[in-house]
Amino acid sequence: MTGQVDKSRRDFLKAAAVAASTSAVSFVAVSRDELKKMLVPVNLSDFIAEAAEAGSPLERRAREREARLKEWCRAEADKICSSMGEDSDACREARKRCAMIKVKGTGPREGVRFAMALDVNKCIGCRRCAYACVMENNQGRNLGIEWIKVLEMPREEMEVIYANMDYTEAPKPNMVYVPVACMHCEDPPCTMVCPVRATWKEPDGIVVVDYDRCIGCRYCMTACPYGARRFNWAKPYVPVTELNPNMHILGNVPRQVHVVEKCTWCIQRTRDGGVPACVEVCPVGARVFGDLNDPDSPIRRVIEEYGAFVLKPEAGTRPRFFYFFGPKRTPPREPGAEAKE
Amino acid sequence: MSSQGSSFIDTIKFVIKEALLTGGPRYYLAALGLLIIALYGMYLWIFVQHAPIFLGAEEGGLILTALNDSVPWGIYISFFVFWVGVAAAGIVFGIAAYVFGDKEFKKVAVLGEVQAVAAIVTVLLLIVVDIGRPLRALVLMPQLPNLRSMLDWDFIVLTGYLALNLIGMLVTVHYYRQDKPIPRKFIVPFITIAAPFAIGIHTVTAFISQALTARPIWNSPLLAPRYVATAFASGPAILLLALYLAERYIKGFKVDFSVYRKTLYVIVGSLVVGLYFTLSEVHEIFWYTTEPAKKAQAQTLFLGYHLPYLAKLMWLWIGLGIAAVILGIVPRVHNTKRGIIFVSILTIIAVVAEKTMTIIIPGFIPSTLGEVKPYYPTAIEIGITIGVHAIGVLVYLLLARPALKAVMTHYFSGSGAKH
Ligand code: SF4
Ligand code: SF4
C-alpha cells in the first residue's frame with residue numbers, strides 16, 4: 001500500500017517537473033513582445049473617445065502605420081524615379097507625396113453628431129462626388145471600388161429596386177439622381193453582426209471599420225440595407241503619385257487585402273473641422289454637411305426649412321444621411337421637358 | 001478507470017490504430033484518393049488565400065472566385081448551411097436509441113455521432129475557406145467576441161456540438177470495446193443535452209440570415225423551422241446510406257430492417273413538413289407581398305430570372321421532394337432495403353437542391369441597391385469545396401470503422417471486422 005502511495009507521489013512530482021519546465025521553455029520561446037504584438041488589436045480602449053489623447057493605442061498604431069507607409073512609399077517612389085529619371089514630374093510628385101504622409105488617430109469631439117443631407121432637386125447625377133471620393137480616400141484603383149453609387153430613379157417612384165446605377169447620360173428630365181453611400185445609421189445592423197467588433201459607431205456618429213481587425217467574413221456586407229460596404233477582393237493598388245497623404249488610421253490609410261471598407265465621411269477631414277470631399281467637389285452644391293447638435297449648422301437649417309426623408313425607412317436603421325427636395329433644380333429644367341421624353 | 005482494465009487513453013489509441021493501421025487495400029485506396037482530393041483542394045485554397053497574405057505576393061486573393069460586392073457569400077456558405085443540417089440530424093439515431101429505448105437503434109447510434117463529427121469538421125472548414133483572414137479570425141474571435149453577432153453564437157454552438165459528439169463517440173467506443181453497455185449515468189445527460197443542441201445549431205445557423213432586414217427573402221420566420229425540417233430529412237437519409245454501405249463492406253455487420261423502416265418514417269415526415277413550409281412561403285411571396293425587393297428575389301428563385309439554374313434547383317427540390325414522399329409511402333418500396341435506399345438518395349438530392357444555393361444566392365440577386373450580378377461559381381471555388389468535402393468524408397471513414405468495430409464487439413461478439 002505504502003509503496004503504491006510513494007509511486008504515485010513520485011509520478012506526481014515527475015509530472016510537475018515536466019510541466020514546469022515546458023511552461024518555462026514556452027515562456028522563453030514565445031517572447032513577451034511577440035505575444036503583445038499578437039494581442040495588440042484587442043485593446044478595448046480603442047472603442048472610447050479617449051483615443052483622441054496622444055499616446056492612446058490608436059495614436060500609437062497611427063504612428064506605427066505612418067512609419068511603415070513612408071517606407072513603402074519611398075520604395076515605390078524610388079522605383080518610379082529610377083525608371084523615369086530623377087527630374088521627371090512623376091518622380092517629383094511621388095517624392096512630394098511621400099514626404100507629406102501623415103496618419104492621424106484623431107478622436108471624436110465632444111458633443112458633435114455629424115449628419116449629411118442631399119438636395120435631390122439639385123443633383124445632376126454627374127458622379128463627381130464618387131470620383132473625388134476615390135481620390136480622397138485612396139480607394140484601390142485596380143478593384144474599381146467606389147464608396148458612392150449614384151442611382152438613377154424614376155421621378156414618380158423612388159424605389160431602390162427600380163434604380164439604375166449604370167446610366168451613361170445625365171441628367172434626364174424625368175429622372176432623379178440619388179447618390180448612396182454609407183448612411184451612418186443610428187442603429188447600424190452592420191456593426192451589430194460583426195463577429196470580432198471590427199466595426200463600430202463612434203460617438204460623433206461616424207461608423208468606422210478597423211482594417212487591422214476585420215477578418216473578412218463579409219457578414220456586415222450582407223447586413224447593410226444600403227449596399228454601402230466594399231470588400232478588397234485582391235490587394236488594392238494606389239499609385240503613389242495619386243496617394244492622398246492626409247490620412248486617418250480608421251479612414252483612408254491604404255487598405256490591406258481581404259478587409260471591408262466604406263465611406264467614413266472623410267474622417268481625416270471632418271474631425272479636423274473640414275467637410276467631406278464630396279461636399280466640397282459637388283458642382284451644384286447639392287450636399288450639405290454639419291453637426292446635428294448645433295442649431296446653427298446648415299444641416300439643421302435644411303431639415304427644418306424643407307423637411308427631409310431617408311431611403312428605406314422600413315429597414316429601421318435610422319440613417320443619418322437625409323434627402324430633401326430643395327428650392328429648384330440646377331441647371332433649370334426647361335418647361336415641358338417631361339412631355340418630350 | 002484503470003481498475004476496469006482499460007483507460008480512456010487506450011480507447012483513443014485504439015481508435016487511431018484501427019483508423020490507420022487495420023484495413024484492406026480497398027480501404028487504403030479510398031483513403032488515399034480522398035487525401036489527394038483534399039490536398040488538391042487545400043493547394044487551391046492556399047493559392048487563392050495565402051499568396052497575398054503570407055507570401056506578400058501581389059496576386060491571388062478572393063478575386064479569383066466569382067464572389068463580388070453584390071454577392072459576397074456563395075457556394076461555401078451554401079454548403080455550410082447544408083452540412084450544419086446533416087450534423088444536426090446525426091442525433092436522430094441517438095434519440096431513437098436512448099429516448100425511446102429501441103435496441104436495434106442502439107447498435108447504430110454511434111454512426112450518427114460519427115456523422116455529426118464529420119459534418120461539423122466540413123462546416124468549420126467551409127467557414128475557414130470563405131473568410132478572408134482566417135488566422136486573424138482565430139486570434140481575434142476568442143478575444144473580442146461580439147455576443148450580438150449570430151456568427152459568434154454559431155461558432156460557439158458548433159464547436160460545442162463537435163466536442164459533445166466526439167465525447168459521445170469515444171465513450172461509446174470505450175464501453176462497447178470492453179463489451180459493456182454504456183452507463184446510464186452518462187447517456188441520460190448526454191442525450192438530454194445533445195438533442196436540443198442539435199436543433200440549436202441549425203436554428204442559430206438560420207438566425208444568421210433570418211433577421212437581416214437587408215435581405216427580404218430571408219426575412220421569413222419560417223426560415224429556421226424549414227432548415228430544421230429538411231435537415232431531419234437529409235441527415236437520416238445520409239445515415240441510412242452509410243449503414244447500407246457498412247453492411248456491404250464490413251463482414252458480419254447486420255442491421256435490422258426495422259431501423260431502415262423507422263428512419264424512413266422520420267425522413268418522409270420531415271419532407272412533408274419541409275414541403276409544406278415551402279408552400280407557405282410561396283404563398284406569402286406571390287399572393288400578398290408588396291415588398292418589391294422580396295418579390296424580385298423570389299422571381300430569381302422560383303422563375304429563374306437572371307439565374308436560371310436557381311429555379312431549376314428549386315423545382316428539383318419540390319419535384320423530388322414530392323416524389324420521395326410518394327415513393328416512401330408505397331408499400332412495395334418501403335418494404336425493401338433497396339427501395340428505402342432509393343428514397344434516401346432522392347431525398348439527399350432534393351435537400352441539397354433546397355438547402356444550398358437556393359437559400360443563399362437569392363438573398364443577393366437583386367442586391368440591396370437593385371443591382372443584378374449573376375453568380376456562377378468558378379472552377380477554383382468548386383475545387384476548394386470538393387476538397388473540403390473530401391476531408392469530411394475522410395474523417396467519416398476514419399472514425400466509422402473503429403466505432404463500428406467496437407459496436408460489433410459488444411453486439412455481434414465473435415465476428416472480426418475486415419475492411
Ligand atoms: S449604411 Fe450600411 S454600412 Fe452604413 S451604417 Fe448603415 S448599415 Fe452600416
Ligand atoms: S467583414 Fe470585417 S467588418 Fe465586416 S463583419 Fe466581418 S470582420 Fe466585421
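The exercises below, each with a worked solution, concern a predicted model of chains A and B with their ligands.

Residues are numbered from 1 along each chain as its sequence is written, while chains are lettered from A and ligands numbered from 1 in the order in which they are written. Local features need pLDDT of at least 70 and side-chain atom pairs count only at pLDDT 80 or more, whereas totals for chains, interfaces and linings use all residues, and side-chain values use heavy atoms, with hydrogens and water left out.

**Exercise 1. The interface**

Task: Describe the interface of chain B and chain A by its contacts and its buried area, and state which three residues of chain B supply the greatest part of that chain's buried area.

Solution. Begin with contact, which means heavy atoms within 4.5 Å; on this basis 50 residues of chain B meet 49 residues of chain A. Next take the buried area, that is, the accessible area (1.4 Å probe) that two parts lose on being put together, summed over both; the two chains bury about 4,100 Å² between them, and 61% of it is on carbon and sulfur atoms. Finally, B:Asp69, B:Leu144 and B:Leu369 supply 19% of the area that chain B buries against chain A, more than any other three residues.

**Exercise 2. Polar links and helices at the interface**

Task: Find which residues form the salt bridge between the chains, and state which helix of chain B gives the largest share of the side that touches chain A.

Solution. A salt bridge requires a side-chain nitrogen of Lys or Arg within 4 Å of a carboxyl oxygen of Asp or Glu, and the rule finds 1 across this interface. The partners are A:Arg218 and B:Asp130, whose closest N and O atoms are 2.7 Å apart. For polar contacts (a pair of N or O atoms within 3.5 Å; within protein, one must be able to donate a hydrogen and the other to accept it, and residues adjacent in sequence count only if both atoms are side-chain atoms), the count between the chains is 28 residue pairs, both residues being at pLDDT 80 or more. Helices (H or I, at least four residues) and strands (E, at least two) are DSSP runs, numbered from the N terminus; helices 2, 6, 7, 8 and 11 of chain B each supply at least two residues of the side that touches chain A. Helix 6 of chain B gives the largest share, 6 residues.

**Exercise 3. The ligand shells**

Task: Compile the surroundings of ligand 1 and ligand 2, and give the classes of the residues in each shell.

Solution. A residue is near a molecule if one of its heavy atoms lies within 4 Å of it. Around ligand 1 there are 13 residues, of which A:Cys182, A:Met183, A:Cys185, A:Cys190 and A:Cys224 come nearest. By class, this shell holds 10 nonpolar, 1 polar and 2 charged residues, where Ala, Val, Leu, Ile, Met, Phe, Trp, Tyr, Cys and Pro count as nonpolar, Asp, Glu, Lys and Arg as charged, and the others, Gly among them, as polar. The residues around ligand 2 include A:Cys194, A:Cys214, A:Cys217 and A:Cys220, and also A:Arg218, the residue that bridges to B:Asp130. The shell around ligand 2 divides into 8 nonpolar, 2 polar and 2 charged residues.

**Exercise 4. Buried charged pairs**

Task: Decide whether the partners in the A:Arg255–A:Glu261 and B:Glu354–B:Arg226 salt bridges are buried or exposed.

Solution. Buried means under 20% relative accessible area, exposed over 50%, and partly exposed in between (1.4 Å probe, protein chains only). A:Arg255 and A:Glu261 meet at 2.7 Å, N to O; A:Arg255 is buried at 6%, and A:Glu261 is buried at 0%. B:Glu354 and B:Arg226 meet at 2.8 Å, N to O. Because B:Glu354 lies in helix 14 and B:Arg226 in helix 9 of chain B, this pair ties together parts that are 128 residues apart in sequence. B:Glu354 is buried at 0%, and B:Arg226 is buried at 6%.

**Exercise 5. Backbone features**

Task: Locate the cis peptide bond at A:Pro171 and describe the backbone and burial of A:His258.

Solution. The cis bond joins A:Ala170 and A:Pro171, with omega about -5°, and A:Pro171 is placed in the loop between strand 3 and strand 4 of chain A. A:His258 has a positive phi of about 60° although it is not a glycine; A:His258 is found in the loop between strand 8 and strand 9 of chain A, and counts as buried at 0% relative accessibility.
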